Amino acid sequence: MSMFCYQCEQASKGSGCTVVGVCGKQPDVAALQDLLVYTMKGIAFWADKARANGVKDQEIDRFMIDGLFTTVTNVDFDPEAIAKFVTEAVRLRGKAKQLAGNYDGDVPAAAQDWDLPATLEEQVKLGELHGVKDFNVDADIHSVRELITYGIKGYAAYADHARTLGKESDEVYAFTHQALAAQLDDSLDLTANVGIALEAGRINYVTMELLNQAHVEAYGHPVPTPVQLGTKAGKGILVSGHDLKFLEELLKQTEGTGVNIYTHGEMLPAHGYPGLKKYSHLVANYGGAWQDQHKEFAAFPGAIIFNTNCIQKPSESYTDRLFTWGLVQWPGVKHMEGWDFSEVIAKAKECGNLEENPGKEILTGFGHNAILGVADKIIAAVKSGDIKHFFLVGGCDGAKPGRNYFTDFAVQAPKDTVIMTLACGKYRFNKLDFGDIGGIPRLLDVGQCNDAYSAIQVAVALADAFECGVNDLPLSMIISWYEQKAVAILLTLLHLGIKNIKLGPTLPAFVTPNVLNFLVENYNIAPIKTAEEDLKEMLG
Ligand code: SF4
Ligand code: SF3
């Protein structure tokens, strides 16, 4: 076995990638990421102790968030870039130890003063020794520890976006150290680890809330907005990822240059923000979800840039006009540092023209402020029986054929039901016509995956209006997962006590049968079956 990774839904054979990642992750990158996470647990051990003495360190706090986000699926495929993170992690472990002061208790291996070997090859070998498979604890505890790690990686992405907009939370930093340090503590039993997993869900909620505040303060509340699909004649740059601040800066720098800006994937909801939609050269959304990028990027003649996941191995036909920014990296693809995008803009001008090829218009911008702005109408429609049920069909998209379930589900949902959606899984059905119920669109695009926060606000407000709990509402949640942000969101829903979630297209490989039983018994979580069967059960 040259590597082991099972952190995403694509894990090979439903158990783990052992030769090369289905995502394209190479064994050396997998080993270096494992070494990074191992080293960060060592940092966390000391940082947590330092904090107990009232000593905090901004450099360490921020590093942990970046280091975790960099190991999320489809973010960083560059071994050199990850090796730099590991070197920095070893330095910061030393700093954290100093800050912790005198400590004479046991020090777990990860937090001891081990040296980093000099060459990349030796570092990879060391990483192989500290991989996900290297554990001496009970399999169920290990399973929950991985669940916690992936949940933390997921919210680290959101914390990073919030920080880009000037928002940070000490609560998030404190928990990150505490939870990673707890993974080195073999005295914690299964119940204690489950408690930490649910707390990770709460912290993800706090992080999504912070990011929502950051977005709203910077760009206003999203408003329902028609989004043009396809392309307009002229030069263009396609932006993929989640980072709205990145998009704003690019819009500013391209204003008046004749270069149009297109959104891709999770950037689609950007069209709903007043502070972003005001730029008339933010012209359209191009393409579908991340797994279609090979075909779609080859057909997009302009420059293309990723600011977060999900990048895939680029084909030669577009590598020369592809860029990465932030933590996203692919070996051989030009990486942009900082906020000067003149090189990307110059490339777009050099590239051929896009054709006038408009598609249909779709709607986005149904954040909680917009939906709750018509709450009276919605409540009246529920009371009159015009709306019988709400579905939240959201989460990641992916390549597996089983994901057709989500299209089938949305199409087969009865006409007197409303579907809220979010994240890139929406591309399974967001170009279809669902009509409306008394002026309320049947398909409401709540936003990006982090806007699960907004969907929760809607659910809580409806529960208040009907004087019941969220679990008593005519609301069912169908979550499609792929990477670790979806894990974080799932933990949030569990922390909030949400029951009867349907999860698909398959269950996480890192969840053991006993942990799954716990989730079934306590939350009645279940794998998706067929759209027909699930609809019948939910509406029955
Ligand atoms: Fe496999 Fe997913 Fe890990 Fe990539 S991230 S190596 S696809 S389990
Ligand atoms: Fe999609 Fe990668 Fe998860 Fe933000 S862009 S949801 S998969």
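Me: Before looking at any one residue, what counts as a helix or a strand here?

Reply: Helices and strands are DSSP runs, with at least four residues for a helix (H or I) and at least two for a strand (E), and they are numbered from the N terminus. Please keep in mind throughout that this is a predicted model. With that vocabulary, glycine 447 can be placed in strand β13, which covers residues 443–447.

Me: Is glycine 447 buried or exposed?

Reply: A residue is called buried under 20% relative accessible area. Glycine 447 has a relative accessible area of 1%, and therefore it is buried.

Me: Which residues is glycine 447 in contact with, once its neighbours within four places in sequence are left aside?

Reply: The contacts of glycine 447 are then Glu266, Pro269, Thr421, Leu422, Ala423 and Lys426. As a separate distance, glycine 258 stands 189 residues from glycine 447 in sequence, and their C-alpha atoms are 28 Å apart in space.

Me: Turning to the domains, how is the chain divided?

Reply: Domain 1 takes in residues 12–217 and domain 2 takes in residues 225–350, and the centres of the two, taken over C-alpha atoms, are separated by 30 Å.

Me: What area is buried between domain 1 and domain 2?

Reply: The size of an interface is often given as the accessible area lost when the parts come together. For domain 1 and domain 2 the buried area is about 1,500 Å², with carbon and sulfur atoms giving 64% of that value. On the side of domain 1 that touches domain 2, the elements that give two or more residues are α2 (58–70), α3 (79–100) and α5 (139–164). By class, that side of domain 1 has nine nonpolar, six polar and four charged residues.

Me: How many residues are in contact across the two domains, and how many residue pairs are in polar contact?

Reply: In terms of contact, 19 residues of domain 1 meet 17 residues of domain 2. Between the domains there are five residue pairs in polar contact, both residues being at pLDDT 80 or more, whereas the count of salt bridges between domain 1 and domain 2 is zero.

Me: How many salt bridges does the structure hold, then, and how should I read one of them?

Reply: Side chains of opposite charge can pair when their charged atoms come close. The structure holds 28 salt bridges, and one of them joins glutamate 59 to lysine 95, with the closest N and O atoms 2.6 Å apart. This pair links distant parts of the chain, since glutamate 59 belongs to helix α2 and lysine 95 to helix α3, 36 residues apart. Glutamate 59, at 33% relative accessibility, counts as partly exposed, and lysine 95 is also partly exposed, with a relative accessible area of 24%. Both residues take part in a network of salt bridges that links Asp57, Glu59, Glu88, Arg91 and Lys95.

Me: Where do arginine 202 and glutamate 199 lie?

Reply: Both lie in helix α7 (residues 190–219), three residues apart, which is about one turn of the helix, and their side chains meet in a salt bridge at 2.8 Å, N to O. Arginine 202 has a relative accessible area of 26% and is partly exposed, as is glutamate 199 with 28%.

Me: What is the N to O distance in the salt bridge of glutamate 537 and lysine 529?

Reply: The side chains of glutamate 537 and lysine 529 meet at 3.7 Å, N to O, and the cut-off for a salt bridge is within 4 Å. Glutamate 537 counts as partly exposed at 43% relative accessibility, and lysine 529 likewise counts as partly exposed at 47%.

Key
Residues numbered from 1 in each chain as written. Chains lettered and ligands numbered in written order. Predicted model: local features only at pLDDT ≥ 70, side-chain atom pairs only at ≥ 80, totals over all residues. Heavy atoms only, no water. Buried < 20%, exposed > 50% of the residue type's maximum accessible area, 1.4 Å probe, protein only. Contact = heavy atoms within 4.5 Å. Domains from an automatic or database assignment. Buried area = accessible area lost by both parts, 1.4 Å probe. Polar contact = N/O pair within 3.5 Å; in protein donor to acceptor, adjacent residues only side chain to side chain. Nonpolar A, V, L, I, M, F, W, Y, C, P; charged D, E, K, R; others polar.
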